[in-house]
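Me: I would like to learn how to read a protein model step by step, beginning with its overall build and ending with single residues. Could you take me through this one?

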Amino acid sequence: MPSDVTLPYNGLTLDRGPRTDADWLAGALDDGQILAFWQDRCLVAGGRPVSLPHTDREVVFLGAAQAGVFATDLSDLDAEAAVREAGADAAVDIRGLFGDLDRQEAATLAYARGMLHWARNQRFCGACGGRTAAEQAGHLRRCQDCAKLHFPRIEPAVIMLVESPDRRRCLLAKHRGATSYSTLAGFVEIGESLEDAVRRELNEEAGVRVRDVGYQASQAWPFPSGLMIGFRALAATDDVTVDHDELTEARWFTRDEVRALGDGRPDSIESYLVETWLGEG
Ligand SMILES: [Zn+2]
């Protein structure tokens, strides 16, 4: 089992420590990098993320490299005004930039997108409806009425490569509305372990019962707030019974059949799970 897998969006080296150091932060914004987003989209000029020279807006501190790296959200503007204010020429989905970014840039932009998404959706307290205000450089929001603390929310999801009992085929499915085949995945529900979630999802969506469930790797997936936890599972039988609410099709594929499908999501842990399995046969 791999222990040091570095998947896309993982391995960010920014030092998050200074988020609680008010003195350090006070001076860091002047010579820091300020990434700008609009509605989960990164503002870019010539295909490169823009850095604002300064801003009076609320910022989230992402971490320190040589200088501080911050992000700010221009979502209160319309798209055209946001692009203009940032000196950008477009607002783009960072997954579309993936091939042009180095590992650290991709991880930084994904993290920025996730933090800003959370802040924008946590402006009000879920307990009393009061306004929240940022603390710890945007890593915490406190309700101004009832003082409840709100921390960035992460939603864990399991994703699994399921092998047939003879280990010669793997299970892929076509989700409703999708054009390509993919591994099965689903959110972990309250009261479940990760392994429970793997077993439930496979049983509910594909009627597949598994014997062994083993952890493979995890991946930061802040689109908007995910953590993907990858597993390998071994089916107890060849039986597949598709739940047509979620899937249009699910069946076993040989390695040759999987190779013929190509790699549709190169930045995803799915690609790692599939490629690892292909490499074993
Ligand atoms: Zn409150």
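Reply: What follows goes from the whole chain to its domains, then to a sheet, two helices and two residues.

Me: What kind of model is this, and how many helices and strands does the protein have?

Reply: This is a predicted model, and in it the protein has seven helices and 15 strands. Taken along the principal axes, its C-alpha atoms fill a box of roughly 60 × 45 × 35 Å. Of the 281 residues, 34% are buried, and among the contacts with a separation of 6 or more, 64% are between residues 24 or more positions apart.

Me: Into which domains is the protein divided, and how many residues does each give to the contact?

Reply: The division is into domain 1, residues 17-121, and domain 2, residues 155-278, with 33 Å between their C-alpha centres. Domain 1 puts 10 residues into the contact and domain 2 puts in five residues. On the side of domain 1 that touches domain 2, α4 gives the most, with seven residues, and by class that side has five nonpolar, two polar and three charged residues.

Me: How should I read a helix such as α4, and what span does it have from its first C-alpha to its last?

Reply: The general idea is that an α-helix has 3.6 residues a turn, so residues three or four places apart point the same way. Here α4 covers residues 103-121, which is 19 residues, and reaches 27 Å from its first C-alpha to its last, close to the 27 Å expected at 1.5 Å a residue. Because 14 of its 19 residues are buried, α4 is largely enclosed by the rest of the structure.

Me: Which residues touch the most other members of the largest nonpolar core, and which element gives the most to this core?

Reply: That core has 67 residues, and those touching the most other members are Phe37, Leu43, Val60, Ala71, Met160 and Val162. Helix α4 gives the most to this core, with 10 residues, and the core draws at least three residues from each of domain 1 and domain 2. To look at one of these residues in its surroundings, take methionine 160, which touches Thr183, Leu184, Val198, Leu202, Phe231 and Ala233, leaving aside residues up to four places away in sequence.

Me: Now for a sheet: what is the order of the strands in the open sheet of three strands, and which of them stand at the edges?

Reply: The order is β7-β8-β9, and the pairing is antiparallel. Strands β7 (132-135) and β9 (149-150) stand at the edges with a single partner strand each, so one side of each is left without a neighbour in the sheet. Four bridges join β7 to β8, with alanine 134 opposite arginine 141, while two bridges join β8 to β9, with arginine 142 opposite leucine 149.

Me: Which side chains of β8 are buried, and what happens in the hairpins on either side of this strand?

Reply: In a regular strand the side chains alternate between the two faces of the sheet. Along β8, Arg141 and Cys143 point to one face and are buried, whereas Leu140 and Arg142 point to the other and are not. The hairpin of β7 and β8 has four residues between the strands, and glutamine 136 takes a positive phi near 45° there. The hairpin of β8 and β9 has five residues between its strands, and alanine 147 in the turn has a positive phi of about 70°.

Me: Which residues of helix α7 are buried, and what covers them?

Reply: In α7, residues 269-278, the buried residues are Ile269, Glu270, Tyr272, Leu273 and Val274. Their cover includes β10 (155-163), β13 (210-221), β14 (226-235) and α6 (255-261).

Me: Is phenylalanine 187 buried or exposed, and where does this residue lie?

Reply: Phenylalanine 187 lies in strand β12, residues 184-187, and counts as exposed because it has 12 C-beta neighbours inside 10 Å. Leaving aside residues up to four places away in sequence, phenylalanine 187 touches Glu155 and Ala157. From phenylalanine 187 to glycine 130 there are 57 residues in sequence and 29 Å in space, C-alpha to C-alpha.

Key: Residues are numbered from 1 along each chain as its sequence is written. This is a predicted model: local features need pLDDT of at least 70, side-chain atom pairs count only at pLDDT 80 or more; totals for chains, interfaces and linings use all residues. Two strands pair if DSSP finds at least two bridges between them. The expected span of a helix is 1.5 Å times one less than its number of residues. A residue is buried if 20 or more other C-beta atoms lie within 10 Å of its own, exposed if 12 or fewer, and partly exposed in between; C-beta atoms are placed from the backbone. Domain bounds come from an automatic or database domain assignment. Two residues are in contact if their C-beta atoms, placed from the backbone, lie within 7 Å. Ala, Val, Leu, Ile, Met, Phe, Trp, Tyr, Cys and Pro count as nonpolar, Asp, Glu, Lys and Arg as charged, and the others, Gly among them, as polar. A nonpolar core is a set of buried Ala, Val, Leu, Ile, Met, Phe, Trp, Tyr and Cys residues joined through C-beta atoms within 7 Å.
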